[in-house]
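Please open the structure in your viewer and keep the selection panel at hand. The tour below moves from the whole chain to single side chains, with a suggestion at each stop for what to select next.

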Amino acid sequence: MVNKNILRVGICGLGFMGFMHWNIFSRMRNVIVSAVASSKTKNLNNLSLSLKGNIAKLALPPNYKDAKWYESFYELVKDPLVDIVDIT
C-alpha cells in the first residue's frame with residue numbers, strides 16, 4: 001500500500017547539486033528520495049568526498065541505500081513509485 005502522505009522524489013543527476021538537493025529532501029518531513037538516476041553510481045563514497053567543495057557536511061544521506069538506482073533518466077521517469085522528478 002502506498003502512503004499518500006509521503007512525496008516520493010526521483011533525482012536526476014548526482015553531481016554537486018544533486019547531492020545538495022538530496023540532503024535538503026532528507027531533512028524534509030513527508031518527503032523521501034525513492035529513486036536516483038546517475039551515471040556516477042559506481043563508487044558513491046568516493047563521489048561524495050569529491051563533491052563536498054566548501055560544504056563540509058555534504059554527504060550521502062544515511063538512507064541512500066533505500067533509493068532505487070538507475071543509470072538512465074528514462075528508467076526513472078517510468079517508475080510508478082516516483083511522484084516528482086528533480087532534475088539537477
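Helices here are DSSP runs of H or I with at least four residues, and they are numbered from the N terminus; in this numbering, Y74 is found in helix 3. Please bear in mind throughout that this is a predicted model.

**The whole chain**

Begin with a cartoon of the protein chain, in which you can trace 3 helices and 4 strands, running from the N terminus in the order β-α-β-α-β-α-β. Of its 88 residues, 38% count as buried, and the chain exposes about 5800 Å², of which carbon and sulfur atoms supply 57%. If you display contacts between residues at least 6 apart in sequence, 75% of them join residues at least 24 apart.

**The nonpolar cores**

Next, select V9, I11, L14, F19, W22, F25, V31, V33, V36, L60, Y64 and A67, the 12 residues that make up the largest nonpolar core. Strand 1, helix 1 (16–26) and strand 2 (31–37) each supply at least two residues of this core. Then add C12, A35, A37 and V82 in another colour, since these are among the 6 residues of another core that lies apart from the largest one.

**A nonpolar patch on the surface**

Now switch to a surface view and select F73, Y74, V77, V85 and I87, which together make a nonpolar patch of about 490 Å². Helix 3 and strand 4 each supply at least two residues of this patch, and helix 3 gives the most, with 3 residues. Within the patch, is Y74 buried or exposed? Its relative accessible area is 60%, so Y74 counts as exposed, the cut-off for that class being over 50%.

**The first salt bridge stop: R8 and D83**

A search of the whole structure finds 2 salt bridges, and for one of them you should select R8 and D83, whose closest N and O atoms are 2.8 Å apart. R8 belongs to strand 1 (residues 7–12), whereas D83 sits in the loop between helix 3 (73–78) and strand 4 (84–87), so that the pair links parts of the chain 75 residues apart. The two partners can be set side by side by accessibility: R8 counts as buried, at 12% relative accessibility, while D83 is partly exposed, with a relative accessible area of 39%.

**The surroundings of D79**

For the other salt bridge, select D79 and K68, whose side chains meet at 3.6 Å, N to O. This pair also links distant parts of the chain, with D79 in the loop between helix 3 and strand 4 and K68 in strand 3 (residues 68–70), 11 residues apart. K68 counts as partly exposed, at 38% relative accessibility.

Stay on D79 and ask how it is classed: buried or exposed? With a relative accessible area of 6%, D79 falls under the 20% limit and therefore counts as buried. Which residues does D79 touch, not counting those up to four places away in sequence? Show A35, K68 and Y70 as sticks, and you have the residues that D79 touches on that basis. Besides the salt bridge with K68, the side chain of D79 is joined to that of Y70 by a polar contact of 2.8 Å. A35, already coloured at an earlier stop, is one of the residues of the 6-residue core.

Methods:
Residues numbered from 1 in each chain as written. Predicted model: local features only at pLDDT ≥ 70, side-chain atom pairs only at ≥ 80, totals over all residues. Heavy atoms only, no water. Buried < 20%, exposed > 50% of the residue type's maximum accessible area, 1.4 Å probe, protein only. Contact = heavy atoms within 4.5 Å. Areas by Shrake-Rupley, 256 points an atom, 1.4 Å probe, with all protein chains shown as cover. Salt bridge = Lys/Arg side-chain N within 4 Å of Asp/Glu carboxyl O. Patch = residues over 30% accessible without salt bridge, like charges linked within 9 Å, V, L, I, M, F, W, Y side chains within 5 Å. Core = buried A, V, L, I, M, F, W, Y, C linked by side-chain atoms within 4.5 Å. Polar contact = N/O pair within 3.5 Å; in protein donor to acceptor, adjacent residues only side chain to side chain.
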